[in-house]
Amino acid sequence: MSLRGITSGCLLLWLIVSCQRLECRAEDPSCNFMGSLALLLFLPEPKIYVGDRGNGLYQMDDMEGKNQVLYDGSAGTSFSDLRDAYVDGAGSIFVATRIPALIYKFQDMSGTGQQEYAGTAGTAFGQAYGVFADPAGRIYMVDQGNDLAVSFDDMVGTNQQEYAGTPAFNNPNRIFVGPDGRIYISDGLFGQIRRMDDLSGTGEITYNGSAGTTFTGTFGIFVTTSHIYVVDPSGALIHRFDDMAGANTITYDGSAGTPFAFPRGIWVDSADRIYVTDETNDLIYRFDDMSGTNQIEYDGSAGTPFSNPTAIVVR
C-alpha cells in the first residue's frame with residue numbers, strides 16, 4: 001500500500017472514531033462534514049473525455065493533458081468521423097460515428113468488451129450523430145441521416161423505439177436526458193431545441209433562443225437541475241437559460257481567452273464548471289461561469305493534438 005493510502009486510511013479511521021465518540025447524529029453538521037471529507041479521500045478524480053472527429057476518443061486527467069491516451073476503435077471497427085461520446089455512471093463508454101453509422105459501447109480506453117450497433121432491429125442508422133445513456137441503462141441516439149431520435153435497451157436493439165418529431169426533425173445532432181427524465185434534442189437546421197416527456201413526443205415543446213440572442217443553429221446541449229446549456233456553432237456562442245421559455249438567458253463567446261470560432265460540445269461538471277469543444281480552434285475550454293472566469297484552454301499537445309474536437313464528457 002502506498003504512503004498516501006496508509007495516510008488516507010488512518011485519517012478515515014480517525015474520522016469514524018471521532019464521530020462515534022461525539023455520538024454524532026446524521027444531521028449534525030460536523031458529522032456531515034467529516035463524512036464528506038472521508039468520502040472525498042477515496043473518490044477518484046474525474047477523467048476528461050474528448051471525442052475528436054479526426055483522431056478518435058481521448059481520455060486525460062486534467063486540462064494539461066496529464067496521462068493522455070487516445071483510442072481509435074480498433075478493438076473492432078475503427079472510428080470514422082466520430083460525432084459524439086458519452087460515459088455513463090458505471091464507466092461504460094459510448095461513441096457515435098457518422099460513417100459507418102454506428103453506436104459503440106466499450107469499457108475502457110483499450111476497447112475492452114467493444115460492441116457495435118447499426119440500428120438493424122428497426123430503421124438502420126443513416127448517420128449517427130448523438131449518443132446518451134440514461135441511469136437505467138437505456139441508450140439514446142439521434143440519426144441525422146434519417147432525421148430520427150432512437151432509443152433501445154441494449155446493444156442488440158431490444159425494444160427499439162423511433163420518433164421523427166412533430167414537426168419532423170431537420171438534422172438532429174444531440175440528445176440528452178435531463179435530471180427530470182425529460183428528453184432534450186438539438187434540432188440543428190431548425191435552430192431550435194426540443195423537449196419531450198418520452199420518445200413518443202408526449203408534451204413536445206420547442207425553443208429557438210428568442211428570449212435572448214436567437215439561435216442561428218444548435219448543436220451541443222447539457223441540462224442540469226437549474227439550467228439548460230445550448231451551443232450555437234454558427235453564432236460562436238454558448239447560451240444558458242433556466243427553462244424552455246429562455247428565462248434569465250446569458251450568452252458567452254469565449255472572449256476571456258481565445259474567442260470561440262465553431263463550438264460544438266458542452267459539459268458541466270459537479271462544481272458547475274463549463275467545458276466546451278471548438279472544432280475550428282482545435283481547443284477544449286474550461287471556465288467557472290458564463291463570464292469566462294478562470295478560463296483554461298488545451299489543444300491536446302501532451303500527445304496527439306486535437307483535430308476537430310466535437311464532444312466532451314467529464315466523468
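This tour goes from one arginine to the cavity beside which it is listed, in a model that is predicted.

Begin by selecting Arg 174, which you will find in strand E12, the run of residues 172-177. With a relative accessibility of 5%, Arg 174 falls under the 20% limit and therefore counts as buried.

Keep the side chain of Arg 174 displayed and add Asp 84, whose side chain forms a polar contact with that of Arg 174 at 3.5 Å. Then show the backbone of Thr 310, because the side chain of Arg 174 also comes to 2.9 Å from the backbone oxygen of this residue.

Next, turn to the empty space in the model. When the whole structure is searched, one cavity of 30 Å³ or more is found, and the volume of the largest cavity is about 140 Å³. To centre the view there, select Asp 84, Ala 85, Arg 174, Ile 221 and Ile 266, which are the residues nearest the centre of the cavity among the 18 that line it. Arg 174 and Asp 84, already on display, are thus both part of this group.

Now colour the strands that surround the space: E4 (82-87), E8 (128-133), E12, E16 (221-223), E20 (263-268) and E24 (309-314) each contribute at least two residues to the lining of the largest cavity. Of these, E24 deserves its own colour, since the largest share of the lining, four residues, belongs to it.

Finally, colour the lining by residue type, which separates the residues into 13 nonpolar, three polar and two charged.

Definitions and conventions:
Residues are numbered from 1 along each chain as its sequence is written. This is a predicted model: local features need pLDDT of at least 70, side-chain atom pairs count only at pLDDT 80 or more; totals for chains, interfaces and linings use all residues. Side-chain values use heavy atoms; hydrogens and water are left out. Buried means under 20% relative accessible area, exposed over 50%, partly exposed in between (1.4 Å probe, protein chains only). A polar contact is a pair of N or O atoms within 3.5 Å; within protein, one must be able to donate a hydrogen and the other to accept it, and residues adjacent in sequence count only if both atoms are side-chain atoms. On a 1 Å grid over the protein atoms alone, a cavity is a set of points where a 1.4 Å probe fits but cannot get out, and a pocket is an open set with protein on both sides within 12 Å along at least five of seven lines; lining residues have an atom within 4 Å of a point. Grid points are joined across faces, edges and corners, and a volume is the space filled by probe spheres set on the points. Ala, Val, Leu, Ile, Met, Phe, Trp, Tyr, Cys and Pro count as nonpolar, Asp, Glu, Lys and Arg as charged, and the others, Gly among them, as polar.
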